[in-house]
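Colleague: I am new to this model and should be grateful for a close look at one part of it. Please start from the surface and then explain how that part connects with its surroundings.

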Amino acid sequence: MNDIDAWVWWLVAAAALGIPLVVTAMPEFGMFAVGAVAAAVASGLGAGVVVQVLVFVIVSVALIAVVRPVAARHRARQPGLASGIDALKGRQAVVTERVDGSGGRIKLAGEIWSARALDTGRSFEPGEEVDVVEIDGATAVVV
């Protein structure tokens, strides 16, 4: 195999490594594909086979060592923007009708909601501010 053909084989290897990336969604294959492209560049610049293999291994391992921990942290993070009823938890509301353990009404996010106190022995009078701790069906549970 001469030097001109070597870079083509590295590009074929990169394409072959890209297929499992797409099919299995395993990013490691993409990192190996980038390593193969780097080896193709090294081959195109006239590097020997040993250097090409070293470039492939070093680039692939470096990408895995750097990208995987970053991706794991990103995947473990909760979404920063809550939506729906999750966005209402933790918000403040104003009592419009007396709220106790059996019911009442609050104004939450510009809308009137039915509400009940988390502590059944506690009550809140109109005009008081309360915090929404959860949404139970169509009822806000407040403290």
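Which element gives the largest share of the nonpolar patch?

Modeller: The largest share, five residues, comes from H1. This is a predicted model, in which local features need a pLDDT of at least 70 and side-chain atom pairs a pLDDT of 80 or more, while totals for chains, interfaces and linings use all residues. Residues are numbered from 1 along each chain as its sequence is written, and side-chain values rest on heavy atoms, without hydrogens and water.

The patch on the surface consists of Trp7, Val8, Trp9, Leu11, Val12, Val37, Val41 and Leu45, and together these residues have about 750 Å² of accessible area. H1 and helix H2 (27–44) are the elements that give two or more residues to it. A patch takes residues with over 30% relative accessible area and no salt bridge, joining nonpolar side chains (Val, Leu, Ile, Met, Phe, Trp, Tyr) within 5 Å and like charges within 9 Å. Areas come from the Shrake-Rupley method with a 1.4 Å probe, and for residues only the protein chains shown count as cover. Helices (H or I, at least four residues) and strands (E, at least two) are DSSP runs numbered from the N terminus. Val37, a patch member, is found in helix H2. Its relative accessible area is 38%, which makes Val37 partly exposed; buried means under 20%, exposed over 50%, and partly exposed in between (1.4 Å probe, protein chains only).

H1 also takes part in an aromatic contact, through Trp10. The structure holds two aromatic pairs. One of them joins Trp10 and Phe56, whose ring centres are 5.4 Å apart and whose planes make an angle of 35°, a tilted arrangement. Because Trp10 belongs to helix H1 (residues 3–24) and Phe56 to helix H3 (residues 49–76), the pair ties together parts 46 residues apart in sequence. Rings of Phe, Tyr and Trp (its six-membered ring) pair if their centres lie within 6.5 Å; planes under 30 degrees apart are stacked, over 60 edge-to-face, and the rest tilted. Trp10, Phe32 and Phe56 form one aromatic cluster. With a relative accessible area of 16%, Trp10 is buried, whereas Val37 is partly exposed.

Helix H2, which also contributes to the patch, is linked to helix H3 by charge. Glu28 forms a salt bridge with Arg68, with 3.0 Å between the closest N and O atoms. Glu28 is in helix H2 and Arg68 in helix H3, so this pair ties together parts 40 residues apart in sequence. A salt bridge is a side-chain nitrogen of Lys or Arg within 4 Å of a carboxyl oxygen of Asp or Glu, and by this rule the count comes to five. At 17% relative accessibility Glu28 counts as buried, while Arg68, at 45%, counts as partly exposed. Another salt bridge joins Asp86 and Lys89, with the closest N and O atoms 3.5 Å apart. Asp86 has a relative accessible area of 45% and is partly exposed; Lys89 is partly exposed as well, at 41%.

Beyond the helices there is a sheet. Five strands make a closed barrel in the order S1-S2-S3-S5-S4, with mixed pairing. Its neighbouring strands are turned by 50° against each other on average, direction ignored. Two strands pair if DSSP finds at least two bridges between them. Strand S1 (residues 92–100) pairs with S2 in the antiparallel sense over four bridges, and the two form a hairpin with two residues between them. In this pairing Glu97 stands opposite Arg105 in S2. Arg105 also has a bridge partner in S3, namely Ser114. Strand S2 (residues 103–108) and strand S3 (residues 111–117) run antiparallel and are joined by four bridges; Leu108 stands opposite Glu111 in S3. Their hairpin has two residues in between, and Ala109 in the turn has a positive phi of about 55°. S1 also pairs with strand S4 (residues 129–136), antiparallel over three bridges, and Ala93 has Val130 as its bridge partner in S4.

Strand S1 carries a charged contact too. Glu125 forms a salt bridge with Arg98, the closest N and O atoms being 3.0 Å apart. This pair links distant parts of the chain, as Glu125 is in the loop between S3 and S4 and Arg98 in strand S1, 27 residues apart. Arg98, Asp100 and Glu125 are joined into one network by salt bridges that share partners.

Definitions and conventions: Axes are lines fitted to C-alpha atoms, for helices over the stretch in contact, and angles run from 0 to 180 degrees between N-to-C directions.
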